[in-house]
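Here is a short briefing on one protein chain. Have the sequence and the model open as you read.

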Amino acid sequence: MPLGVVLHGWVVPAMGDSVGLRLPGSVIAVYHAAELSPLTLGGLLIATLGALLPDGWAARARTATALRTE
């Protein structure tokens, strides 16, 4: 996510410059630190919850069966 924010801050002004536009700061700085932390925590929570079902199945399954399904 931090890489995406950095790339956004670099690519969007470059795109504006390529067509001769100077984009205002409100277009470039769309996220603030106070907004990024809940988004980061929400992403981690979604990833963790999404991994619990396959993880639980693999823990109960026999090793050969789990490896064959990959």
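Tyr-31 sits in the loop that joins helix 2 (25–28) to helix 3 (33–60). This is a predicted model. In it, Tyr-31 has a relative accessible area of 47%. That value falls between the 20% and 50% cut-offs, so the residue counts as partly exposed.

**The loop between helix 2 and helix 3**
- His-32 also belongs to the loop between helix 2 and helix 3.
- Is His-32 buried, partly exposed or exposed? Its relative accessibility is 49%, and partly exposed means between 20% and 50%, so His-32 is partly exposed.
- How far is His-32 from Val-5 in space? The C-alpha atoms of His-32 and Val-5 are 9.9 Å apart, with their positions 27 residues apart in sequence.

**Nonpolar surface**
- Tyr-31 is part of a nonpolar surface patch of about 430 Å².
- The other members of this patch are Met-1, Val-5, Val-30 and Leu-39.
- Val-5 thus appears twice here: in the patch, and in the C-alpha pair with His-32.
- Across the protein, the accessible surface comes to about 5,800 Å². Carbon and sulfur atoms account for 70% of that surface.

**A buried glycine in helix 3**
- Gly-56 is placed in helix 3, the helix that covers residues 33–60.
- Why does Gly-56 count as buried? Its relative accessible area is 18%, and buried means under 20%, so Gly-56 meets the cut-off.
- Gly-56 and Val-6 are 50 residues apart in sequence. Their C-alpha atoms are 36 Å apart in space.
- Of the 70 residues of the protein, 6% count as buried.

**Overall fold and shape**
- The protein has 4 helices and 0 strands. Along the sequence the pattern reads α-α-α-α.
- The radius of gyration is 21 Å, whereas the globule rule gives 11 Å for 70 residues, so the protein is more spread out than a compact globule.
- The C-alpha trace spans about 60 × 25 × 10 Å along its principal axes.

**Charge**
- The protein carries 4 positive and 4 negative charges.
- How far apart are the mean positions of the two sets of charges? They are separated by 16 Å.

Note on methods:
Residues numbered from 1 in each chain as written. Predicted model: local features only at pLDDT ≥ 70, side-chain atom pairs only at ≥ 80, totals over all residues. Heavy atoms only, no water. Helix = DSSP H or I, 4+ residues; strand = E, 2+ residues; numbered from the N terminus. Rg over C-alpha atoms; globule rule 2.2 N^0.38 Å. Buried < 20%, exposed > 50% of the residue type's maximum accessible area, 1.4 Å probe, protein only. Areas by Shrake-Rupley, 256 points an atom, 1.4 Å probe, with all protein chains shown as cover. Lys, Arg positive; Asp, Glu negative; His and termini not counted. Charge placed at Lys NZ, Arg CZ, Asp CG, Glu CD. Patch = residues over 30% accessible without salt bridge, like charges linked within 9 Å, V, L, I, M, F, W, Y side chains within 5 Å. Salt bridge = Lys/Arg side-chain N within 4 Å of Asp/Glu carboxyl O.
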